[in-house]
Amino acid sequence: MNLLKINLCILYTMNRGKYTGYFYYQDTLMIKLPTFTDDIYKIYNQVSEPVIRSGFKLGFNFKHQIKECEKNIIKYEKKIRHCWKISHKDFVKIMISYLFLVKVGKIKDDNYILIKNKNKRTL
């Protein structure tokens, strides 16, 4: 539970980023997230990797973690598709699961896009 709070803080600090990430699963927009970089693996290292490592320390093997992340993504995809509200904890769980599945290759590279924000100019 403490790791979820830490990752929530990390996600809030990422909100001042130069990029916006759009993360899709089965043609459903799961998350729109401002990020600090356009490298998905740097985002994974900051957000998901500490949680995955703690799962290994607790005794969960690789296959079990993949199955749990897939269950999370499928569950929240249905909720998003049916317009249910998502809490902040759910948002963090979606992000952790999504990035882990991208890292292991279960979600392909064409399901997310990272776009650089335009500079706002004043006249």
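Student: How far apart are the axes of H2 and H3, and at what angle do they pack?
Tutor: This is a predicted model, in which local features need pLDDT of at least 70, side-chain atom pairs count only at pLDDT 80 or more, and totals for chains, interfaces and linings use all residues. Residues are numbered from 1 along each chain as its sequence is written, and side-chain values use heavy atoms, leaving out hydrogens and water. Helices (H or I, at least four residues) and strands (E, at least two) are DSSP runs numbered from the N terminus; axes are lines fitted to C-alpha atoms, for helices over the stretch in contact, with angles from 0 to 180 degrees between N-to-C directions. For H2 and H3 (residues 49–57), the axes are 4 Å apart and the angle is about 50°.

Student: Which word describes how H2 and H3 are set to each other?
Tutor: Angles under 35 degrees count as roughly parallel, over 145 as roughly antiparallel, 65 to 115 as roughly perpendicular, and the rest as oblique. The H2 and H3 pair packs at about 50°. The two helices are therefore oblique.

Student: Which residues of H3 does H2 meet?
Tutor: Here contact means heavy atoms within 4.5 Å. From H2, the partners are Tyr44, Asn45, Gln46 and Val47. On the H3 side they are Glu49, Pro50, Val51 and Ile52.

Student: Is Ser48 buried or exposed?
Tutor: Ser48 lies in the loop between H2 and H3, and touches Ile43, Met95, Ile96, Leu99 and Phe100, not counting residues up to four places away in sequence. Buried means under 20% relative accessible area, exposed over 50%, and partly exposed in between (1.4 Å probe, protein chains only). Ser48 has 0% relative accessibility, so Ser48 counts as buried.

Student: Which helix gives the largest share of the largest nonpolar core?
Tutor: A nonpolar core is a set of buried Ala, Val, Leu, Ile, Met, Phe, Trp, Tyr and Cys residues joined through side-chain atoms within 4.5 Å. The largest one has 26 residues, and Phe23 and Met95 are among those touching the most other members. Elements supplying at least two residues each include strand E1 (19–25), helix H4 (62–81) and helix H5 (88–104). The largest share, nine residues, comes from H5.

Student: What is the phi of Cys83, and is this residue buried or exposed?
Tutor: Most residues other than glycine have a negative phi. Cys83, in the loop between H4 and H5, is not a glycine, yet its phi is positive, about 60°. With 69% relative accessibility, Cys83 counts as exposed.
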